[in-house]
Amino acid sequence: MPVPILKQGDKLIASLQSDLDDKDLMQLKDEIAEKVGRFKSRGVILDVSILDVLDSFATRTLRTIAETARLRGAETVIVGIQPDVAVAMVQLGLTLDGVLTALDFEEGMELLLATIEGSHHGGG
Amino acid sequence: MSNGPLLSDLERLQLNTHDIERRKAFVDFRPDDLSRIAAIKDLVVHNADRYGVTFFDHLAGIEEAAGLTRNRNLLEQAKRLKHEHLIAMVQGDYGREYMEQRVRLGVLYSRAGLDVRVFLGAFHVLMRAVGVDVMKRFAATPADGFESFISLKKIGFLDIGLIVDVLIAERERTINVQQDAIRELSTPVLQLRERLLILPIIGVIDSMRAKQLTDGMLGSIRDKRARIVVMDITGVAAVDSKVANHLIQAVAAARLMGANVIVTGVSADVAQSLVALGVDLRSIRTMNDLQGGLEEAERMLGYKVVYADGASPAFGRA
């Protein structure tokens, strides 16, 4: 099932579903890359709080989404990684270095605003 | 003494028939030793009381044996068991029952905190007293006397082997009990302010404790919605590459949940050993002490701590 991408102002929001397969992930990657440009988005929030596992492919794809979005002018925050998932990822050596993370959607939104504002001031 | 610990000691030492035979082989105990010991049986039985006195008199003069010699209850038990021991040494039956008696004596020594070295010394003094008597009896045929004494000494060494095993096993058990106690010391995660947790770590970190600690921290991050965790390792005596790896993983997992970890209290020794080990700690933010870590955390969270009006003239209000 493809992941719905919501547009909220200058941000894109995607909540990943539990029955996510590799094809859905690839499609999500392509769609976000396209929509960030189309809507001139400044931020992307990827909510993974429903997932009880993040394997290496999913992790790599999330990182790719974040890096692609950054090249297109948007910061990405991954939110809602659960404690068990975090431990499993670390043990697999998947640390998402260089990608912003936050506890939940609310925190992620705050972090995104702060980051966008910071980079705006930095750039201005 | 309860039978519980004794049985488990026996099981741990694996005193089965095979093991007993192996122990005899270790000291080169042969059938002809039995007749040689029989030749001095009456002598040892007759003087057993005196040998016991020699043994305990020697211990009485040694400060390190005070745990035994000044504990009347243990001392009486030890004297009784030692007497049994001396009698049993010359009976020619060195089976499981004999071994169990020795283990019982070993457990008693262990409870009295008797050092292996002290025990060995006292046992040697006792054997010397026996040897002197044996040589006196065999004054006409010293070679026979020497052989008989050596046969007895084989049994003596058999006993030493057992008792030392018990002392070591008991010491290991003590260490295990203490390690369990350390492990069971809870590692509390404390909320200091909104969004700020502190995690003081004290004692030894092994894989199991590291997992408990990480799980506890991540759970608290979620429940308390923490953004920063100050992990204080002042109380961690030694950090090797394995422990460092545990800490790095805990920090990385916290980061995946959107929380920053500040590690504080890295002592000079720990810092030097980590660098010497080549552990890559660049992914970890560190501050020198807990105070520094908390101040940094407060700054990152946007807190500003100020003194109430005039409360601290020393702080130099401009």
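Here are three short exercises with worked solutions on a predicted model.

**Exercise 1: two helices in chain A**

Work out how helix 1 (residues 22-38) and helix 2 (residues 56-71) of chain A are oriented relative to each other, and which residues make the contact.

*Solution.*
- Start with the geometry: two packed helices are described by the angle between their axes and the distance between the axes.
- For this pair, the angle is about 5 degrees and the axes lie 9 Å apart.
- Angles under 35 degrees count as roughly parallel, so helix 1 and helix 2 of chain A are roughly parallel to each other.
- Now look at who touches whom. Helix 1 of chain A brings residues including A:Leu25, A:Met26, A:Leu28 and A:Ile32, while helix 2 of chain A offers, among them, A:Phe57, A:Ala58, A:Ile65 and A:Ala69.
- Finally, sort the contact by class: it has ten nonpolar, three polar and two charged residues.

**Exercise 2: a salt bridge between chains**

Find where the partners B:Arg225 and A:Asp104 sit, and decide whether each is buried, partly exposed or exposed.

*Solution.*
- First, check the distance: the closest N and O atoms of B:Arg225 and A:Asp104 are 2.2 Å apart. A salt bridge needs them within 4 Å, so this pair qualifies.
- Next, place the partners. B:Arg225 is in the loop between helix 10 (207-224) and strand 3 (228-235) of chain B, and A:Asp104 is in the loop between strand 5 (100-102) and helix 4 (105-123) of chain A. That makes it a pair that crosses between chains.
- Then compare accessibility with the cut-offs: buried means under 20%, exposed over 50%. B:Arg225 has 23%, so it's partly exposed. A:Asp104 has 21%, so it's partly exposed too.

**Exercise 3: salt bridges within chain B**

Take the pairs B:Asp32 with B:Arg36 and B:Arg222 with B:Asp223, and work through their distances and surroundings.

*Solution.*
- For B:Asp32 and B:Arg36, the closest N and O atoms are 3.5 Å apart.
- These two are four residues apart in helix 3 (residues 31-38) of chain B, so about one helical turn separates them.
- B:Asp32 is partly exposed at 37%, and B:Arg36 is partly exposed at 25%.
- For B:Arg222 and B:Asp223, the closest N and O atoms are 3.9 Å apart.
- B:Arg222, at 41%, counts as partly exposed, whereas B:Asp223, at 60%, is exposed.
- To step back, shared partners join A:Asp104, A:Glu106, A:Glu107, A:Glu110, B:Arg195, B:Arg225 and B:Arg227 into one salt-bridge network. Over all chains, the structure holds 29 salt bridges.

Notes:
Residues are numbered from 1 along each chain as its sequence is written. Chains are lettered from A and ligands numbered from 1 in the order in which they are written. This is a predicted model: local features need pLDDT of at least 70, side-chain atom pairs count only at pLDDT 80 or more; totals for chains, interfaces and linings use all residues. Side-chain values use heavy atoms; hydrogens and water are left out. Axes are lines fitted to C-alpha atoms, for helices over the stretch in contact, and angles run from 0 to 180 degrees between N-to-C directions. Angles under 35 degrees count as roughly parallel, over 145 as roughly antiparallel, 65 to 115 as roughly perpendicular and the rest as oblique. Contact means heavy atoms within 4.5 Å. Ala, Val, Leu, Ile, Met, Phe, Trp, Tyr, Cys and Pro count as nonpolar, Asp, Glu, Lys and Arg as charged, and the others, Gly among them, as polar. A salt bridge is a side-chain nitrogen of Lys or Arg within 4 Å of a carboxyl oxygen of Asp or Glu. Buried means under 20% relative accessible area, exposed over 50%, partly exposed in between (1.4 Å probe, protein chains only).
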